[in-house]
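Colleague: I am new to this structure and would be grateful for a close look at a single part, the place where the two chains meet. Please add whatever is needed to put that part in context.

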Amino acid sequence: MRKPIVFTSEREMPPMAVSLADMGHNCTGSWRYMRPIYSEKIAPCKNACPLGNDIPRILSLVSEGRYEEAWRLFRQTSPLPGVCGRVCYHPCETKCNRKDFDEALSIASIERFVADACFDLEDKVSERPRRSEKIAIVGSGPAGLTCAYFLAKDGYAVTVFEAASQPGGMLRLGIPPYRLPREVLNREIELIARWGVEFRTNTKIGQDIDIEKLWEQYDALFIATGAHRSRALNIPGEELALTGLEFLKAVNAGQTVHIGKRVLIIGGGNTAMDCARTALRLGAQPIVVYRRTREEMPAIAEEIEEAEHEGTQFEFLAAPTAIYQRDGTLEVHCIRMQLGEPDASGRRRPIPIPGSDFVMRADSVLKAVGEEPELSFLSERLETSEGIVLERAQGLLERAGIFVGGDAQTGPSTVAQAMRSGRETAFAIMRFLRGERKPKAPQLDEALRVNFSYFAHKPRVATPQLPVAERISSFAETKRALSADQARVEAQRCFSCGVCNNCDNCWVFCPDAAITRIDSTYQVNYDFCKGCGICAEECPRSVISLVEEEL
Amino acid sequence: MRNFTLPSEELMGSGHLGCQGCGAALAMRYALKAAGDNTIVVIPACCWTIIAGPFPYTSLKVPVLHTAFETAAVAASGVRAALDIQGDTETTVLAWAGDGGTFDIGLQSLSGAAERNENILYICYDNEAYMNTGIQRSGATPYLAWTTTTPEKTPKTEPKKDIMAIMVAHGIPYAATATVAYPDDFIRKVQKAKSIYGTKFLHVLAPCPPGWKAPSEWTIKLSRLAVHTRVFPLYEVEHGERYILNEPKEATTLPVSEYLKLQGRFSHLTEREREAIQELIEKRWQKLLRMVRESS
């Protein structure tokens, strides 16, 4: 800012009207009533990710071919990008702003590509501190693994107890290998073990170890035993049906299971879809029997589509009432349903239509009507036995150093939700051990406004798939990886919502030359900014906000 | 990932007196970035007389000659002649006038300069009325627009004067349209004009938030929409005959109502009147396409 020129007499004035100085004395900032500020927002994809993966920055790295940095950024929030890139139901893509312009980014495929491209990379384990406290984690599913990873990274001695012969929980037992190849799972668990996490397999809580003992021996305890108990159908002849989860566990463990040709699967959730697609691969013809319609199915839409695409049949609005064995086959008595008023879940309640009974024949029946946590191992002293009670007692438990998370706490949910629970628990345990309080997380606004003028339409890169005939003849992974070129091109479609990527628009369009570029950032000169708002309007990704000037 | 490739040199300083969101100020900023510091600007009476700053100040980092309303082109011709006598052929002489000083009051001197093919660059920043004196209609005011002298009950009944056709008819080596939402196109045209000997004419659409009765943050949006709705197509004409169309591309074309509805100066329009404007736009567009076709 300069001083104005003051002529005290005519003699001081130039002989003709000629300029002597610039307008730098004229601080037009005083005209302003709206102030533009650079305030990065949270991208809807990142906000929707249960793990809060920094998707816009990761995609920006991928778009420049910087895959290793992208992988390391994933590992700041998630130890299982290879797993998530395959099995996560990608809520990030559902919220992607680009869906309103052409098609959402193929974020899951890119995550998988990054994990595959960095398959041989390792974490920088040497950078970790060392701490004396010991933590026991019961269960090595996504919640337990994630909790172990974050605690071990922070230097704690972590022991994970697993009932099965290999760690992984539902990822190994429940998810079929055509969705999640075991070498990917093994590799990511191996990287967690590199941080010094000890896995004790074939050790079942309540049987091989006692929870009270663990509580005595360890400084903190995380119960992440999942939801493995199948819900009952409560119909006569139920014992003639296999549980879907037992079926999947057996097949995934490599055992031979005889299910015959015609297989009825009762239920409409993800377990039911996995059962159907697994049965197809064993040469059977699966028929999914569901009491509501396709719209109400709790399974992820993509899984339903895949199951149907591969040849699964569906019998909607039907519920079994009894199962009988007759002449070496099973006779499943069903009743037709109609949809009534919405129930507590918001879905329309199925109501039996009187006199609509019919019979379906099958070689075997798989029941997959949901799973629930099995927590009978909790001792009476903990005054808990069922999930609901446990949740209510959680505050009390946490004060005692016992934490519960994942499906064991919530009932069946998704891999990403379980991982989020595992990570949050890891930080809760750290706070518990250090006597700290939970810090207030800063609330960022979501970047919802995109200026489409600065983007060109570009179709989403399709994830390559195996042809159906090849798919159902083996347990090979059905989805194939993107090529590096495809991943880069796809990542370049990212709007980078809420994250400045130095597009220069604010600087270019300022009529007052009041924005300066300093290295890779921009600065508003508030002495001169008149607050016209063009920079905020033309910012393609809502990084700039306009706030009212305080008087 | 930069969207534009603007020269970083700033020859227009902050503290100028343009209104919030002034399209004409932004246009000057681009023009000087493209023309460079070896430029002399000639400004007749117009908004920029005010924007540049009162005596004894200037907001431009190049010499400016303020001159009378009707004399932009002739004063620029004089500056050019003086430079030529000194053997200076490098300095760019930039006449910078509004639509009043170009379409109406300065037209005869501009026509004279063009006829003599004076070696000057004439840029008309068109905000479609006499804005700094209080939004009076000019020959550049669009059909049926509100101004203070064409109030809502009797809006302007004459279509906007086709200044490009007039200038092209002089057979000058280069005439082009540009607007502030397309900085790269703007800069390229100024640089191209600079490289050509003779009279170069640039018609620049410069949205005016107070005069168009639109929020200041929509200056770029309106400029972009003017192009997308074919109200203001971006094109070049070489030697009075070779037409080159730059924008809009077919895929991005929008109905003119998308442009009109954002501006208070068109808020009184009836459906029928909007259709009449659309017809006028379509007619001019077809004529432009014909010229492009015939010259290729």
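Modeller: A term comes first: pLDDT is the predictor's confidence in each residue, on a scale from 0 to 100. For chain B the mean pLDDT is 96, and 100% of its residues reach 70 or more. The structure is a predicted model, in which local features need pLDDT of at least 70 and side-chain atom pairs count only at pLDDT 80 or more, while totals for chains, interfaces and linings use all residues. Residues are numbered from 1 along each chain as its sequence is written, and chains are lettered from A and ligands numbered from 1 in the order in which they are written. The model has an ipTM of 0.96 and a pTM of 0.86.

Where the chains meet, 37 residues of chain A are in contact with 32 residues of chain B; contact here requires C-beta atoms, placed from the backbone, to lie within 7 Å. On the chain B side, two or more residues each come from α1 (23-35), β2 (57-58) and α9 (219-228) of chain B. Helices (H or I, at least four residues) and strands (E, at least two) are DSSP runs, numbered from the N terminus. The greatest share belongs to α9(B), with 4 residues. By character, this side of chain B comprises 13 nonpolar, 13 polar and 6 charged residues. In that division, Ala, Val, Leu, Ile, Met, Phe, Trp, Tyr, Cys and Pro count as nonpolar, Asp, Glu, Lys and Arg as charged, and the others, Gly among them, as polar.

Strand β2(B) also pairs across the chains: 2 bridges join it to β1 (residues 21-22) of chain A, and the two run parallel. Pairing requires that DSSP find at least two bridges between the strands. Within this pair, A:A21 has B:Y57 as its bridge partner. Strands of a sheet pair through backbone hydrogen bonds, either parallel or antiparallel.

Each chain also has pairing of its own. In chain B, β8 (residues 234-238) and β9 (residues 242-247) run antiparallel and are joined by 5 bridges, with B:V237 opposite B:Y243. These two strands, β8(B) and β9(B), form a hairpin with 3 residues between them, and B:H239 in the turn has a positive phi of about 50°. In chain A, 5 strands form an open sheet with parallel pairing, in the order β8-β16-β9-β10-β11. Its edge strands, each paired on one side only, are β8 (242-243) and β11 (313-315) of chain A.

How values were computed:
Contact = placed C-beta atoms within 7 Å.
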